[in-house]
Amino acid sequence: MYTIGQLFDLEHTQAAAYLSRFTYPHEALKGIKDMIIETGRGLPADQYYVYGDDIWVHKSARVAQSASITGPCIIGENTEVRHCAFIRGSAMIGSNCVVGNSCELKNVILFDNVQTPHYNYVGDSILGYRAHMGAGSITSNVKADKKPVVIRDEEGRLIGTGIKKVGAFLGDGAEIGCNSVLNPGTVIGRNSNVYPLSSVRGTVAENHIYKDKDHIVEKEV
């Protein structure tokens, strides 16, 4: 359940053609910068403002004057970037997203309708359609020993990434509770929830609720 096709509906991102080249989302992390530049240069000039070096902002987007944005970056239609947001570069932000006050983004793809609304750090990560990060929740993207990140799927199999910086991959509709930490290489399946104040490792299957590492329960339909 860790494949791109199992986590994401590619109809809800401008990165669809790029992501479709890969099987696993971590494989897409290294090329996000170049993909954004290539995509940005093909965007319609009548719909996007161009700022500085490789920054494209849709004319309907609302960006606070206090926000800091480094390219390459694309900010989609009707997206809101709030006070003191810090976009460090290599960020593709979809339509109808929220990048909130004091949030930091780096080397990410945010699908449409993603919300990172309050004090979030999201780095080296991909957040699927309608994924939501509760206030203060973050993606930790480097292991303490600085070794390449290894991802453990829901069946316990280990997948080596060969990459030192890997954050989290949130499937469509994933909900992360306030002040939670998603440790390097965490995968949250579609429509799954993580309780507030959690420290999550490995993979949470789709349609589950993560209460703690010993209590991960399937949602009742």
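In this predicted model, Val99 of strand β9 has Thr116 in β11 as its bridge partner. Strands β9 and β11 run parallel and are joined by three bridges. Strand β9 (residues 98-101) is also joined, by two bridges, to strand β6 (residues 80-81), and these two run parallel as well. Within that second pairing, Glu80 has Val98 in β9 as its bridge partner.

**Strand pairing around β2**

A further set of pairings involves strand β2. Strand β1 (residues 48-51) pairs with β2 in the antiparallel sense, over four bridges. Val50 stands opposite Trp56 of β2 in this arrangement. The two strands form a hairpin in which three residues lie between them. Gly52, located in the turn, has a positive phi of about 50°.

Strand β2 also pairs with strand β5 (residues 73-75), here in the parallel sense and over three bridges. In this pairing Val57 stands opposite Ile75 of β5. The side chains of β2 (residues 55-58) point in two directions: Ile55 and Val57 one way, Trp56 and His58 the other way. Ile55, Trp56, Val57 and His58 are all buried.

**Helices α1 and α3**

Helix α3 spans residues 32-40, and its buried residues are Ile32, Met35, Ile36, Ile37, Thr39 and Gly40. Which elements do the buried residues of α3 pack against? They pack against α2 (16-19), β2, β5, β8 (91-93) and β10 (104-110). Strands β2 and β5, which pair with each other over three bridges, are thus both among the elements packed against by the buried residues of α3.

Leu7 has its place in helix α1 (residues 4-7). Because its relative accessibility is 0%, Leu7 counts as buried. Leu7 and Ile109 are 102 residues apart along the chain, and 13 Å separates their C-alpha atoms.

**The environment of Ser125**

Ile109 appears again in the surroundings of Ser125, a residue of strand β12 (residues 121-127). Is Ser125 buried or exposed? With a relative accessibility of 0%, Ser125 counts as buried. The side chain of Ser125 reaches the backbone oxygen of Gly123 at 2.7 Å. When neighbours within four places in sequence are left aside, Ser125 is in contact with Leu29, Asn107, Val108, Ile109, Thr139, Gly167 and Ala168.

**Backbone geometry in the loops**

Most residues other than glycine have a negative phi, and most peptide bonds are trans. Against this background, two residues with positive phi are set out below.

| Residue | Phi | Location | Relative accessibility |
|---|---|---|---|
| Ser90 | about 55° | loop between β7 (86-87) and β8 | 11% |
| Tyr119 | near 55° | loop between β11 (115-118) and β12 | 51% |

Ser90 has its positive phi although it is not a glycine. Tyr119, likewise a residue other than glycine, has a positive phi. As for solvent accessibility, Ser90 counts as buried because its value is 11%, whereas Tyr119 counts as exposed because its value is 51%. The loop that holds Tyr119 lies between β11 and β12; β11 is the strand joined to β9 by three bridges, and β12 is the strand that holds Ser125.

The peptide bond from Gly71 to Pro72 is cis, with omega near 0°. Pro72 is found in the loop between β4 (68-69) and β5.

**The largest pocket**

How much space lies in the largest pocket? The volume is about 230 Å³. The lining of this pocket consists of Lys143, Val149, Val150, Ile151, Arg152, Leu158, Pro184, Gly185, Arg201 and Gly202. Strand β15 (residues 150-152) gives the most to this lining, with three residues. By character, the lining residues divide into five nonpolar, two polar and three charged.

Key: Residues numbered from 1 in each chain as written. Predicted model: local features only at pLDDT ≥ 70, side-chain atom pairs only at ≥ 80, totals over all residues. Heavy atoms only, no water. Buried < 20%, exposed > 50% of the residue type's maximum accessible area, 1.4 Å probe, protein only. Polar contact = N/O pair within 3.5 Å; in protein donor to acceptor, adjacent residues only side chain to side chain. Contact = heavy atoms within 4.5 Å. 1 Å grid on protein atoms, 1.4 Å probe; cavity = no way out; pocket = protein on both sides within 12 Å on 5 of 7 lines; lining within 4 Å. Points joined across faces, edges and corners; volume = space filled by probe spheres on them. Nonpolar A, V, L, I, M, F, W, Y, C, P; charged D, E, K, R; others polar. Pairing = 2+ DSSP bridges.
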